[in-house]
Amino acid sequence: MASSSLISSLRALSLRTAPTARQVLRTQPIRNISQTVLAPSTTARPAVATINATRAAQAISQQQTRGMKVHSSVKKRCEHCKVVRRKSGKRHRGYLYIICSANPRHKQRQG
């Protein structure tokens, strides 16, 4: 009886070591129909991550400005600031603006 159990265990071991056709097929990746149909079109489009990365780089390269400060008296804050009078008409003398090419945060308007 001991020999029969030994033989059956050896058979089980020998069956496990030899790969069957099913085991060979399982090692290959299984692709769904939707993956095979969509695979060519997804490779043609750029990845969403690369699009988001380029948008973030563009946002960093352009400094964000939120408009200008409105004060009753305006002053130059640096040597790059310029005083400009704009929007003057017949009835009023217009607004006094400070524009700055170096730092957009220095933009001001009087009035």
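**Exercise 1. Determine the order of helices and strands along the chain.**

From the N terminus on, the elements of the protein chain follow the pattern α-α-α-α-β-β-β-β. The chain therefore holds four helices and four strands, where helices (H or I, at least four residues) and strands (E, at least two) are DSSP runs numbered from the N terminus. The model is predicted: local features need pLDDT of at least 70, side-chain atom pairs count only at pLDDT 80 or more, and totals for chains, interfaces and linings use all residues. Residues are numbered from 1 along each chain as its sequence is written, and side-chain values use heavy atoms, with hydrogens and water left out.

**Exercise 2. Describe the sheet: its strand order, its edges and its pairing.**

Step 1. The four strands form an open sheet in the order β1-β4-β3-β2, with mixed pairing. Two strands count as paired if DSSP finds at least two bridges between them. In general, strands of a sheet pair through backbone hydrogen bonds, either parallel or antiparallel.

Step 2. The edge strands are β1 (69-71) and β2 (81-86), each of which pairs on one side only. From one strand to the next, the twist averages 25°; the axes behind this angle are lines fitted to C-alpha atoms (for helices over the stretch in contact), and angles run from 0 to 180 degrees between N-to-C directions.

Step 3. Strands β2 and β3 run antiparallel and are joined by six bridges. Within β3, Ile 99 is the bridge partner of Lys 82.

Step 4. Strand β3 (residues 95-100) also pairs with strand β4 (residues 108-110), in the antiparallel sense, over two bridges. Here Gln 108 in β4 is the bridge partner of Ile 98.

**Exercise 3. Decide whether Gln 108 and His 106 are buried or exposed, and list their contacts.**

Step 1. The cut-offs are as follows: buried means under 20% relative accessible area, exposed over 50%, and partly exposed in between (1.4 Å probe, protein chains only).

Step 2. Gln 108 lies in strand β4. Gln 108 is buried, because its relative accessible area is 2%.

Step 3. Contact means heavy atoms within 4.5 Å. Not counting residues up to four places away in sequence, Gln 108 touches Met 68, Lys 69, His 71, Val 74, Lys 75, Arg 77, Leu 96, Tyr 97 and Ile 98.

Step 4. His 106 is placed in the loop between β3 and β4. With a relative accessible area of 13%, His 106 is buried. Under the same exclusion of residues up to four places away in sequence, His 106 touches Arg 77, Cys 78, Cys 81, Ile 98 and Cys 100.

Step 5. For the chain as a whole, 7% of the 111 residues count as buried.

**Exercise 4. Examine three loop residues: Lys 75, Lys 87 and Arg 66.**

Step 1. Lys 75 lies in the loop between β1 and β2, and Lys 75 is exposed because its relative accessible area is 59%. Leaving aside neighbours within four places in sequence, Lys 75 is in contact with Ile 98 and Gln 108. Lys 75 and Ile 98 are 23 residues apart in sequence and 7.5 Å apart in space, C-alpha to C-alpha.

Step 2. Lys 87 belongs to the loop between β2 and β3 and is exposed, with a relative accessible area of 60%. Although Lys 87 is not a glycine, it has a positive phi of about 60°. Most residues other than glycine have a negative phi.

Step 3. Arg 66 is found in the loop between α4 (48-61) and β1. A relative accessible area of 80% makes Arg 66 exposed. Arg 66 and Pro 104 are 38 residues apart in sequence and 9.0 Å apart in space, C-alpha to C-alpha.

**Exercise 5. Characterise the contacts and the surface of the whole chain.**

Step 1. Of the contacts between residues at least 6 apart in sequence, 40% join residues at least 24 apart.

Step 2. The chain exposes about 10100 Å², and carbon and sulfur atoms supply 56% of it. Accessible areas come from the Shrake-Rupley method with a 1.4 Å probe; for residues, only the protein chains shown count as cover.
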